[in-house]
Amino acid sequence: MQYIEGLNEYTETEKSAVTFGKFDGIHMGHQKLVEQVIRCCEKENLKSVMCAFEMRRTDILMPPDERKERLEGKLDYLVECPFSDELRHMGAEDFIKKIIKGVFHAEYVVVGTDFRFGYGKEGDVHTLEAFEQKYHYKAIIVEKAQYEGREISSSFIKKLVKAGEIEVANYLLTYPYTLKGVVEHGKRLGRTLGFPTCNVEWPVEKAMPPRGVYVSNVYVDGEKYGAISNIGVKPTVSNENRVLIESYLYGYAGDAYGKNVKIELLQFERPEQKFASIDEMKARVSKDIEYGSEYFGRE
């Protein structure tokens, strides 16, 4: 898959099947669009393209680098498209003429039922269908994926994440809610107390679940380790407001300081607590570690 930043950098001249959207999360609903694009390309040997509009950079499910990773090997092109003033003020027909046909040479445009485009969101799926013959493409409108009677959307999944409903969020994403970061030097208190941890600052752009303890997977040097992770500010031993995710890895004896790690949240165990003493905290953390051991023992 070729990864391109900006419409001006897309120079492919062959015809395509293209899908448009913000694609925050690449969840079940987004995957329906991707699958339809792939089917169109298999029929006519077209280029498969996703054009992802970058609307915001904070409180998101997935930064661009993770989206690229999730789509690797599935599409021919992933085009990251900043939502510029030019795009914001472009009329619906101009968008079809200049972007859908002019940039992507689209034979098929695959979108969800709520797709809007053009200045003031004047264009919708009916607009796309109305201009099919004039601009020689076929609009394919994909019905929304559903979960228990609700449309699956990035905003719905974000609410689940923020409510600590990680298992449901993971089901709708079809993969664990994930973050990446560099392990930093802490105060080594966990090592002193007998449970050394990897500390990673919570990425500022990622939607944050409730502070507390989670069962997780942590990848170090490409190896996966079951873990128990705490998201929070360590109120018992620190006055800092910086949010860290602190993970105890089962079976890991190495030195992870300075390494890039990937953390997958699997299940919310309990909210963050401020303990009356270090001993009380140590006893609770021991129970958390036992909880994680039982979780992974059931797998």
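Start by selecting Glu 69, which is partly exposed at a relative accessible area of 36%. On this tour, buried means under 20% relative accessible area, exposed means over 50%, and partly exposed is anything in between, using a 1.4 Å probe and protein chains only. The areas themselves come from the Shrake-Rupley method with a 1.4 Å probe, and for residues only the protein chains shown count as cover.

You are looking at a predicted model, in which local features need pLDDT of at least 70 and side-chain atom pairs count only at pLDDT 80 or more, while totals for chains, interfaces and linings use all residues. Residues are numbered from 1 along each chain as its sequence is written, and side-chain values use heavy atoms, with hydrogens and water left out.

**Stop 1: Glu 69 and its partner**

Keep Glu 69 selected and add Lys 262: the two form a salt bridge, with their closest N and O atoms 3.9 Å apart. This pair ties together distant parts of the chain, as Glu 69 sits in helix α2 (residues 64-71) and Lys 262 in strand β14 (residues 260-271), 193 residues apart. A salt bridge here is a side-chain nitrogen of Lys or Arg within 4 Å of a carboxyl oxygen of Asp or Glu. By that rule the count comes to 19 salt bridges. Helices (H or I, at least four residues) and strands (E, at least two) are DSSP runs, numbered from the N terminus.

**Stop 2: a network on β14 and α10**

Stay on β14 and select Glu 269 with Arg 284, whose side chains meet in a salt bridge (3.1 Å, N to O). Arg 284 belongs to helix α10 (residues 278-298), 15 residues from Glu 269 in strand β14. Are these two buried or partly exposed? Glu 269 is buried, at 19% relative accessible area, while Arg 284 is partly exposed, at 24%. Now add Arg 270 and Asp 288: salt bridges that share partners join these two with Glu 269 and Arg 284 into one network.

For another pair, select Lys 138 and Glu 132, joined by a salt bridge of 3.9 Å, N to O. Lys 138 is partly exposed at 44%, and Glu 132 is buried at 16%.

**Stop 3: a positive patch and some positive phi angles**

Select Lys 22, Arg 56, Arg 116 and Lys 121, which gather in a patch of positive charge on the surface. Patches are made of residues with over 30% relative accessible area and no salt bridge; like charges are joined within 9 Å, and nonpolar side chains (Val, Leu, Ile, Met, Phe, Trp, Tyr) within 5 Å. Lys and Arg count as positive, Asp and Glu as negative, and His and the chain ends are not counted. Each charge is placed at NZ of Lys, CZ of Arg, CG of Asp or CD of Glu.

Zoom in on Lys 121, in the loop between β5 (106-112) and α5 (125-130). Lys 121 is exposed, at 56%. Arg 116 lies in the loop between β5 and α5 and is partly exposed at 44%. Check the backbone of Lys 121 too: its phi is positive, about 55 degrees, although it is not a glycine. Most residues other than glycine have a negative phi.

Next, go to Thr 174, in the loop between α8 (166-173) and β9 (177-182). Here phi is again positive, about 75 degrees, in a residue that is not a glycine. Thr 174 is partly exposed, at 43%.

**Stop 4: helix α7**

Which residues of helix α7 (residues 154-162) are buried? They are Ser 154, Phe 156, Ile 157, Lys 158, Leu 160 and Val 161. Show what surrounds them: they pack against α1 (28-44), β7 (146-147), β8 (150-151), α8 and β9. Just after α7, Gly 164 takes a positive phi of about 80 degrees.

**Stop 5: Tyr 3**

Jump to Tyr 3 in strand β1 (residues 2-5); this residue is partly exposed at 24%. Leaving aside neighbours within four places in sequence, Tyr 3 is in contact (heavy atoms within 4.5 Å) with Pro 64, Lys 68, Leu 78 and Glu 80. Draw a C-alpha to C-alpha distance from Tyr 3 to Gln 267: 32 Å in space, for 264 residues in sequence.

**Last stop: zoom out**

Show the whole protein, with its 10 helices and 14 strands. Its C-alpha atoms fill a box of roughly 75 × 40 × 35 Å along the principal axes. Buried residues make up 52% of the 299. Of the contacts between residues at least 6 apart in sequence, 74% join residues at least 24 apart. The protein exposes about 14,900 Å², with carbon and sulfur atoms supplying 46% of it. Finally, colour by charge: the mean positions of the 42 positive and 48 negative charges are 2 Å apart.
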